[in-house]
Amino acid sequence: MKPEPPERRRRTPNVRLRRSSQAGICCLFSGDMLRGYFSEIRFSLVLRRLRTAALVVVVFGFFYVVFNRAFDHDRILFPDYFVPSTHIFPSLLSDSLLDSGDTNLETVLKEASMEDKTVILTTLNKAWADPENSILDLFLESFRIGYKTSRLLNHLVIIALDEKAFMSCKRVHSHCFALVTEGYDLSHEAYFMTPDYLKMMWLRIDFLRSVLELGYNFLFTDADVMWFRDPFPHFHPNTDFQIACDHYSGNSTDLKSNIPNGGFSFVRSNIRSIQFYKFWYTSRELYPNLHDQDVLNNIKFHPFLIEIKLQIKFLSTSYFGGFCEPSKDLNKVCTMHANCCVGLGNKVHDLKNLLQDWKKFMALPPRLKMSPTPSWRPPNNCTLALRRHFNMSGIGNGTRIDTLRLR
């Protein structure tokens, strides 16, 4: 009998080894152990799906809370990390002049805010804070002698445009924010329509946009507006943007005839108002060398405002008057603005007369306050200065000036 070839003798054990291995594997995963293995796999898959579902629920819940807060009642309440710091106008004053709270706009606004996140804002530069001719002193005095207006000082934030104005604010008021723009010197009196005046007006519009983006409603008031009564009960409800007038036609929705004045406005923070302020600010490029009021007059009919459904209303001069068109009834007046006036000294002189007239009115017995109706003294210095400034001999006491719209 012939022996097997060497190749077959070597291959046979290998074949047998593979067969015995397969048999061992079959025996290893047979029966109950195999069923248990697949049960563990199914449990692992279910657990993984549960973890994935839980993660989806958590992520969805987080974004629901964020955006539900953001758009609740058309209010913008962005978390801090959604607001770029470059849009919050950080102060550029030296640290030695500032407390930590003065450097953060949101901190200052929060400290001054009413319960519904409303703040009162005004701007101030060195010229208007000068102790010898101080608009600031008259402004604050009007709050103190007005009817139920002193409490509103707790919600007033003074935006200082230079270091001297900031230091003046800190001496007399609790809520001050230093907004100093690099490369601009806005400390001096800015005459109407000069380059410094235009820079100041457009800086203000952009700054107010930032306040809206932080989720705060604001009542902006120039510092030459005297406060005699609480204005909030006389604002229109459910209105995004409402503004005082140099001339009021008698109709709060009349876009054509009302002549707005940006020195006094109440704006609610929502998507529409933020879009509007961005549009207003960028529109300055379409109308170069115009101030914010004239640009507003040009864009108030723009289709974009209709598209975003902005609600605009104008405030009656019966409650919110000025030297252009005075509030005639001192029993109704809330504010009086030194508009239609040029020259800081002229404003100060006629505003002092205004405050004296108010004090006399408030000292009257109730029956004399009603009849005959007391009135203001004419703003003679402002009227004469305006006449000289424009060489208009026809401007006299009590004459309304529609076309000048001076602040």
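# Notebook: strands, rings and a helix

**Entry 1: strand 4.** I began with strand 4 (residues 217-221), which is mostly covered, with 5 of its 5 residues buried. I am working from a predicted model, so I keep that in mind throughout. Next I looked at the two faces of strand 4. Asn217, Leu219 and Thr221 lie on one side, Phe218 and Phe220 lie on the other, and all are buried, so both faces are covered.

Which strands does strand 4 pair with? I found that strand 1 (residues 118-124) runs parallel to strand 4 and is joined to it by 4 bridges. Within that pairing, I noted Phe220 in strand 4 as the bridge partner of Leu121. Strand 7 is also joined to strand 4 by 4 bridges, but these two run antiparallel. Here Leu219 stands opposite Phe266 in strand 7. I wrote Phe266 down, as I wanted to look at its ring next.

**Entry 2: aromatic rings.** I looked up the aromatic pairs and found 21 of them in the structure. One of them is formed by Phe232 and Phe266, with 5.8 Å centre to centre and 90° between the planes, which makes it edge-to-face. Where do Phe232 and Phe266 lie? Phe232 is in the loop between strand 5 (225-227) and strand 6 (241-247), while Phe266 is in strand 7 (residues 259-267), so the pair ties together parts that are 34 residues apart in sequence. I also checked the cover on Phe266: its relative accessibility is 3%, so Phe266 counts as buried.

A second pair was Phe235 with Phe320. Are the rings of Phe235 and Phe320 stacked or edge-to-face? Their centres are 5.7 Å apart and their planes are at 5°; a pair counts as stacked when the planes are under 30 degrees apart, so this pair is stacked. Phe235 sits in the loop between strand 5 and strand 6, and Phe320 sits in strand 9 (residues 320-322), so this pair links distant parts of the chain, 85 residues apart. I found both rings' residues covered: Phe235 is buried at 9% relative accessibility, and Phe320 is buried at 2%.

I then noticed that these four residues belong to one aromatic cluster, made up of Phe139, Phe143, Trp227, Phe232, Phe235, Phe264, Phe266 and Phe320.

**Entry 3: charges over rings.** I looked for charged side chains over rings. Arg284 lies over the face of Tyr281, at 3.8 Å from the ring centre. The charged end of Lys369 sits over the ring of Phe361, 5.5 Å from its centre.

**Entry 4: a small open sheet.** Strand 9 came up again when I turned to an open sheet of 3 strands, with the order 5-10-9 and mixed pairing. Which are its edge strands? They are strand 5 and strand 9, since each pairs on one side only. From one strand to the next, the twist averages 25°. I followed strand 9 to strand 10 (residues 335-337), and the two pair in the parallel sense over 3 bridges. Gly322 stands opposite His337 in strand 10.

**Entry 5: helix 8.** How far apart are the end C-alpha atoms of helix 8? I worked it through: helix 8 (residues 271-282) has 12 residues, and at 1.5 Å a residue they should span 16 Å; the end C-alpha atoms are 17 Å apart, which agrees. The buried residues I listed in helix 8 are Ser273, Ile274, Phe276, Tyr277, Phe279 and Trp280. My textbook reminder here is that an α-helix has 3.6 residues a turn, so residues three or four places apart point the same way. At the N-terminal end of helix 8, Asn270 acts as a cap, with a side-chain oxygen 3.0 Å from the backbone nitrogen of Arg272.

**Entry 6: positive phi.** Most residues other than glycine have a negative phi. I therefore noted two residues with a positive value. Phi of Lys117 is near 60°, and Lys117 is placed in the loop between helix 3 (105-112) and strand 1. Lys117 is partly exposed, with a relative accessible area of 22%. Phi of Cys340 is near 50°, and I found Cys340 in the loop between strand 10 and helix 11 (344-362). Is Cys340 buried or exposed? At 5% relative accessibility, Cys340 counts as buried.

Technical notes: Residues are numbered from 1 along each chain as its sequence is written. This is a predicted model: local features need pLDDT of at least 70, side-chain atom pairs count only at pLDDT 80 or more; totals for chains, interfaces and linings use all residues. Side-chain values use heavy atoms; hydrogens and water are left out. Rings of Phe, Tyr and Trp (its six-membered ring) pair if their centres lie within 6.5 Å; planes under 30 degrees apart count as stacked, over 60 as edge-to-face and the rest as tilted. Buried means under 20% relative accessible area, exposed over 50%, partly exposed in between (1.4 Å probe, protein chains only). A charge sits over a ring if NZ of Lys or CZ of Arg is within 6 Å of the ring centre and within 35 degrees of the ring normal. The expected span of a helix is 1.5 Å times one less than its number of residues. A polar contact is a pair of N or O atoms within 3.5 Å; within protein, one must be able to donate a hydrogen and the other to accept it, and residues adjacent in sequence count only if both atoms are side-chain atoms. Two strands pair if DSSP finds at least two bridges between them. Axes are lines fitted to C-alpha atoms, for helices over the stretch in contact, and angles run from 0 to 180 degrees between N-to-C directions.
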